[in-house]
Amino acid sequence: MQPFTKLTGIAVPIDEPNVDTNQLCPTRFNKVPRGPKHRDILFHDRRFNSDGSEKEHILNVEPFKRAQIVVANRNWGGGSSRESAVYALYEFGIRCVIAPSFADIHSNNCAKNGLLTVVLPEAECAAIRKDLNENPGASVTVDLGAQTVTDSRGRALRFDIHPVRKKCLLEGLDDIARTAQYQDRFDEFEAAYRSERRWLYAGPENT
């Protein structure tokens with residue numbers, strides 16, 4: 001997992017509320033191995049016709065084709081728990097989604113894949129989206145260490161995040177890597193356990 005520390009990038013406004021995981025990654029793509037193909041899976045049915053030609057969609061036009069941050073409306077990521085929805089965002093280039101609220105499972109899946117979800121008040125998200133719609137290509141800065149979002153006007157807005165999630169994102173730790181940090185303790189426990197219960201590990205000749 002790639003660490004997330006501080007990001008300044010083009011932000012794309014998604015004004016529609018209740019964007020669900022089936023829109024982010026339609027069901028038929030759930031088993032596609034993670035990789036570059038997921039760039040075109042993101043919002044696939046809303047971005048492409050059946051012949052592969054592009055529809056009119058904000059992510060199909062410059063400068064938003066190069067967006068790294070989404071500023072969304074409420075209830076982002078509802079629906080099924082599919083992790084492929086996160087793959088689609090990430091492979092497109094999105095490293096952060098800012099919204100008034102998120103579906104819990106989707107937000108957890110994002111964090112476990114190095115994608116930061118930031119909750120800001122609905123009025124603040126609406127104001128940022130308005131600026132982005134009026135100034136396409138404007139940048140937003142997200143500083144995880146400082147827990148701030150600096151919008152296109154230079155206003156710094158503070159956000160909250162669980163300290164464990166923050167640590168894992170800053171250090172690029174998925175669940176396996178985080179667990180591996182405690183390997184020394186596991187080894188100590190196993191050695192003590194074996195020492196106290198030698199009979200469990202004795203060979204047939206010793207039983």
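Is Arg28 buried or exposed? In this predicted model, Arg28 is exposed, with a relative accessible area of 53%. That residue makes a good entry point, since its side chain takes part in a salt bridge with Asp45, the N to O distance being 2.5 Å. Arg28 sits in the loop between α1 and α2, while Asp45 belongs to helix α3, so the bridge ties together parts of the chain that are 17 residues apart in sequence. Asp45 itself, at 35% relative accessibility, counts as partly exposed.

A search of the whole structure turns up twelve salt bridges. One of them joins the side chains of Arg46 and Glu16, with 2.7 Å from N to O. Here, too, distant parts of the chain are linked: Arg46 is in helix α3 and Glu16 is in the loop between β1 (6-13) and α1, 30 residues apart. Arg46 has a relative accessible area of 32% and is therefore partly exposed; Glu16, at 32% relative accessibility, also counts as partly exposed.

Helix α4 is reached by another of these pairs, in which the side chains of Glu91 and Arg34 meet at 3.4 Å, N to O. Glu91 lies in helix α4 and Arg34 in the loop between α1 and α2, and the two are 57 residues apart. Glu91 is partly exposed, its relative accessible area being 27%. For Arg34 the relative accessible area is 35%, and this residue is partly exposed as well. Salt bridges also form a network, which links Glu124, Asp151 and Arg155.

What surrounds helix α4? The helix has nine residues, and eight of them are buried, so it is largely enclosed by the rest of the structure. The buried set consists of Ser84, Ala85, Val86, Tyr87, Ala88, Leu89, Tyr90 and Phe92. These residues pack against α1 (21-24), α2 (38-41), α3 (44-47), β3 (96-99) and α5. Just after the helix, Gly93 adopts a positive phi of about 125 degrees.

The packing of α4 against α5 can be followed further. Two packed helices are described by the angle between their axes and the distance between the axes. For helix α4 (residues 84-92) and helix α5 (residues 104-111), the axes come within 9 Å and cross at roughly 50 degrees. An angle from 35 to 65 degrees falls among those classed as oblique, and α4 and α5 are therefore oblique to each other. Their crossing is right-handed. On the α4 side the contact is made by Ala85, Val86 and Leu89, and on the α5 side by His106, Asn109 and Cys110. An α-helix has 3.6 residues a turn, so residues three or four places apart point the same way.

Further along the chain, Cys125 is found in helix α6 (residues 122-134). With 0% relative accessibility, Cys125 counts as buried. Leaving aside neighbours within four places in sequence, Cys125 is in contact with Val71, Ala72, Ile98, Ala99, Pro100 and Leu120. The C-alpha atoms of Cys125 and Ile14 are separated by 10 Å, although these residues are 111 residues apart along the chain.

A charged residue away from the surface comes next: which side chain of opposite charge is nearest to Asp143? Asp143 has its place in strand β5 (residues 139-143). This residue is buried yet has no salt bridge, and the nearest side chain of opposite charge, that of Lys6, is 4.2 Å away. A salt bridge requires the nitrogen and the carboxyl oxygen to be within 4 Å, so the pair of Asp143 and Lys6, at 4.2 Å, does not count as one. Residues up to four places away in sequence not being counted, Asp143 touches Thr5, Lys6, Thr148 and Phe159.

Gln147 follows in the loop between β5 and β6 (148-150). At 10% relative accessibility, Gln147 counts as buried. Beyond residues up to four places away in sequence, Gln147 touches Leu157, Arg158, Phe159, Asp160, Ile161 and Lys166. Phe159 thus appears among the contacts of Asp143 and among those of Gln147.

Definitions and conventions:
Residues are numbered from 1 along each chain as its sequence is written. This is a predicted model: local features need pLDDT of at least 70, side-chain atom pairs count only at pLDDT 80 or more; totals for chains, interfaces and linings use all residues. Side-chain values use heavy atoms; hydrogens and water are left out. Helices (H or I, at least four residues) and strands (E, at least two) are DSSP runs, numbered from the N terminus. Buried means under 20% relative accessible area, exposed over 50%, partly exposed in between (1.4 Å probe, protein chains only). Contact means heavy atoms within 4.5 Å. Lys and Arg count as positive and Asp and Glu as negative; His and the chain ends are not counted. Axes are lines fitted to C-alpha atoms, for helices over the stretch in contact, and angles run from 0 to 180 degrees between N-to-C directions. Angles under 35 degrees count as roughly parallel, over 145 as roughly antiparallel, 65 to 115 as roughly perpendicular and the rest as oblique. A crossing is left-handed if the near helix is turned anticlockwise from the far one by less than a right angle, and right-handed if clockwise.
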